[in-house]
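Dear colleague,

I am handing over the structure we spoke about, with the sequence alongside. Please look through it first, and then read my notes below.

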Amino acid sequence: MSHEGETVARAADPMAKSKLLKAAREEFASSGLAGARVEDIAKRAALSKGSFYLHFESKEEAFLHVVNQFFSDLARMSEECTIKLESIRTVDEFRAKLVDSDARVFEFCWQNRDVVRVLHES
């Protein structure tokens with residue numbers, strides 16, 4: 001219960017950082033790294049600019065988080081695509097596994113084309 005003139009502190013949003021990262025990724029995809037603004041990232045996340053700065057020092061740091069997540073996911077996916085040569089019995093089986101592995105990598109890149117494009121342009 002608050003008294004007249006007192007302010008009640010709002011609980012911190014436990015999803016704020018992930019909301020900001022999602023919004024940052026969208027903003028970088030639409031505006032590029034140079035054109036993205038902290039204000040626009042915060043607005044996309046429905047959070048304040050101050051909330052952004054509680055989690056990141058700059059838009060470049062947020063971009064680094066987005067890129068690190070991309071490469072972490074790519075590395076994990078690449079490990080899953082590793083072909084164990086001892087399990088291969090025929091050339092056709094080897095070719096099929098290579099095609100499947102390549103298709104998974106290309107699909108990953110397609111699904112993350114927003115990050116790939118911003119990386120290429122930066």
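What follows is an account of the overall form, the nonpolar cores and one residue.

This is a predicted model, in which local features need pLDDT of at least 70 and side-chain atom pairs count only at pLDDT 80 or more, while totals for chains, interfaces and linings use all residues. Residues are numbered from 1 along each chain as its sequence is written, and side-chain values use heavy atoms, with hydrogens and water left out.

The protein chain contains 6 helices and 0 strands, where helices (H or I, at least four residues) and strands (E, at least two) are DSSP runs numbered from the N terminus. Its radius of gyration is 21 Å, well over the 14 Å that the globule rule gives for 122 residues, so the chain is more spread out than a compact globule; the radius is taken over C-alpha atoms, and the rule is 2.2 Å times the number of residues to the power 0.38. Along the principal axes, the C-alpha trace spans about 80 × 35 × 20 Å.

Buried residues account for 27% of the 122 residues, with buried meaning under 20% relative accessible area, exposed over 50%, and partly exposed in between (1.4 Å probe, protein chains only). Of the contacts (heavy atoms within 4.5 Å) between residues at least 6 apart in sequence, 56% join residues at least 24 apart.

Turning to the interior, the largest nonpolar core, a set of buried Ala, Val, Leu, Ile, Met, Phe, Trp, Tyr and Cys residues joined through side-chain atoms within 4.5 Å, has 17 residues, and those with the most contacts inside it are Leu20, Phe28, Ile41, Phe52 and Phe63. Helix 1 (16-35), helix 2 (38-44) and helix 4 each supply at least two residues of this core, and helix 1 gives the most, with 6 residues. Not counting residues up to four places away in sequence, Ile41 touches Leu20, Ala23, Ala24, Glu27, Phe28, Phe52 and Lys59. A second, separate core of 7 residues includes Val66, Leu74, Met77 and Cys81.

Finally, Glu61 is found in helix 4 (residues 59-80) and, at 26% relative accessibility, counts as partly exposed. Leaving aside its neighbours within four places in sequence, Glu61 is in contact with His55 and Phe56. Glu61 and Asp73 are 12 residues apart in sequence, and their C-alpha atoms lie 18 Å apart in space.

With best regards
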